[in-house]
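Please open the structure in a viewer and set the display to a cartoon. The tour below proceeds by selections, each followed by a description of what is found there.

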Amino acid sequence: MDAQQALISRRSIRRYKNQPIPMDIIKQIIDAARLAPTANNRQPWEFVAVTERDMREKIAGLATYGKFIAQAAACIAVYCKDTKYYLEDGSAATQNILLSAWAQGVGSCWVAGDKKPYAQPISQLLGVPEGYKLVSLIALGYPAENPTPHHKRELNEVLHLEKF
Ligand SMILES: Cc1cc2nc3c(=O)[nH]c(=O)nc-3n(C[C@H](O)[C@H](O)[C@H](O)COP(=O)(O)O)c2cc1C
């Protein structure tokens with residue numbers, strides 16, 4: 001699947017087959033994340049890949065709108081050192097994960113991390129040192145649903161040529 005096709009066809013997937021994702025695919029997905037653009041090339045990110053059910057259930061129990069993490073094959077927690085552009089950098093890495101996964105047939109859903117009250121308890125569960133921000137949690141799994149795409153604002157609504 002080429003990049004444009006992945007961008008066009010991706011949608012959030014919250015129901016997954018009971019099928020593990022091979023570790024080499026998970027590694028390829030994280031490899032795509034670490035290549036994301038980053039302010040001043042700081043690359044402040046760290047990625048925690050959780051496949052064990054027990055830990056996924058604990059994370060799901062804490063993440064208000066991420067209960068489906070319990071049924072996912074994996075959950076990637078995206079952390080960034082608390083730098084000026086941590087949120088932009090971590091978000092770029094997160095988007096790379098969604099697109100790389102989709103291009104390889106793996107569904108995903110971005111679950112909020114930054115600013116959430118559950119960021120701290122999840123960091124504690126995962127043994128994350130002080131000074132790191134949880135940017136996102138990403139549920140990954142082979143899709144068991146084919147949701148109708150969300151309405152997206154049309155190009156001519158959002159594009160301003162030359163001036164707003
Ligand atoms: C910053 C951010 C936080 C999100 N948090 C959640 C979340 O906590 N739970 C969830 O189910 N979806 C979450 N989403 C996914 C959005 O709901 C989803 O991207 C949006 O509805 C558009 O659907 P699509 O991804 O299929 O295009 C989040 C997306 C972003 C960008």
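Two strands are treated as paired if DSSP finds at least two bridges between them. The model on display is a predicted one.

**The sheet**

Begin by selecting the strands. By the pairing criterion, 4 strands form an open sheet in the order 1-2-4-3, with antiparallel pairing. Strand 1 and strand 3 (107-112) occupy the edges, and each has a single partner strand, so one side of each is left without a neighbour in the sheet. Neighbouring strands of this sheet are turned by 25 degrees against each other on average, direction ignored. As general background, strands of a sheet pair through backbone hydrogen bonds, either parallel or antiparallel.

Next, select strand 2 (74-81) and strand 4 (132-141). These two strands pair in the antiparallel sense over 8 bridges. Two pairs of residues may be picked out to follow the register: Ile76 has Ile138 of strand 4 as its bridge partner, and Cys75 has Ala139 of strand 4.

Keep strand 4 selected and add strand 3. Here the antiparallel pairing extends over 6 bridges. Ala112 stands opposite Ser136 in strand 4.

How many residues of strand 4 are buried? The count is 10 of the 10 residues, so strand 4 is largely enclosed by the rest of the structure.

**Helix 3 across the sheet**

Now select helix 3, residues 53-62. Helix 3 lies across strand 1, strand 2 and strand 4, and runs at about 115 degrees to strand 1. Within helix 3, Arg56, Ile59 and Ala60 are buried. In a view down the axis of helix 3, its buried residues fall within an arc of 100 degrees, so they line one face of the helix. The cover over these buried residues includes strand 1 (45-50), strand 2, helix 5 (119-125) and strand 4.

**Helix 2 and its two sides**

Move to helix 2 (23-33). Ile26, Ile29, Ile30 and Ala33 are buried in this helix. They cover an arc of only 95 degrees around the axis, which puts them on the same side of helix 2. Rotate the view to the other side of helix 2, where Asp24, Lys27 and Asp31 are exposed. What covers the buried residues of helix 2 includes strand 1, strand 2 and helix 4 (86-103).

**The surroundings of the ligand**

Select the ligand and display the residues around it. The surrounding residues are Arg11, Ser12, Arg14, Tyr65, Gly66, Cys109, Trp110, Val111, Ala112 and His150. By class, this shell has 5 nonpolar, 3 polar and 2 charged residues.

From this shell, select Arg14. Arg14 is placed in the loop between helix 1 (3-9) and helix 2. Is Arg14 buried or exposed? With 21 other C-beta atoms within 10 Å, Arg14 is buried, because a residue counts as buried if 20 or more other C-beta atoms lie within 10 Å of its own. Apart from residues up to four places away in sequence, Arg14 touches Phe68 and Cys109. To see a wide separation in sequence and space together, add Glu162: Arg14 and Glu162 are 148 residues apart in sequence and 39 Å apart in space, C-alpha to C-alpha.

**Gly107 in strand 3**

Return to strand 3 and select Gly107. Gly107 has 26 C-beta neighbours inside 10 Å and therefore counts as buried. Leaving aside its neighbours within four places in sequence, Gly107 is in contact with Ile13, Tyr16, Gly141, Tyr142 and Pro143. A distance may also be drawn from Gly107 to Ala72: the two residues are 35 residues apart along the chain, and their C-alpha atoms are separated by 9.4 Å.

**Two loop residues with positive phi**

The last stops are in loops. Select Asn41, in the loop between helix 2 and strand 1. Asn41 has a positive phi of about 55 degrees although it is not a glycine. Asn41 counts as exposed, with 7 C-beta neighbours inside 10 Å.

Finally, select Lys115, which lies in the loop between strand 3 and helix 5. The phi of Lys115 is positive, about 70 degrees, although Lys115 is not a glycine. Lys115 is exposed, with 9 other C-beta atoms within 10 Å.

Terms used: Residues numbered from 1 in each chain as written. Predicted model: local features only at pLDDT ≥ 70, side-chain atom pairs only at ≥ 80, totals over all residues. Buried ≥ 20, exposed ≤ 12 C-beta atoms within 10 Å, placed from the backbone. Arc of directions from axis to C-beta. Contact = placed C-beta atoms within 7 Å. Axes fitted to C-alpha atoms, helices over the stretch in contact; angles between N-to-C directions. Near = placed C-beta within 6 Å. Nonpolar A, V, L, I, M, F, W, Y, C, P; charged D, E, K, R; others polar.
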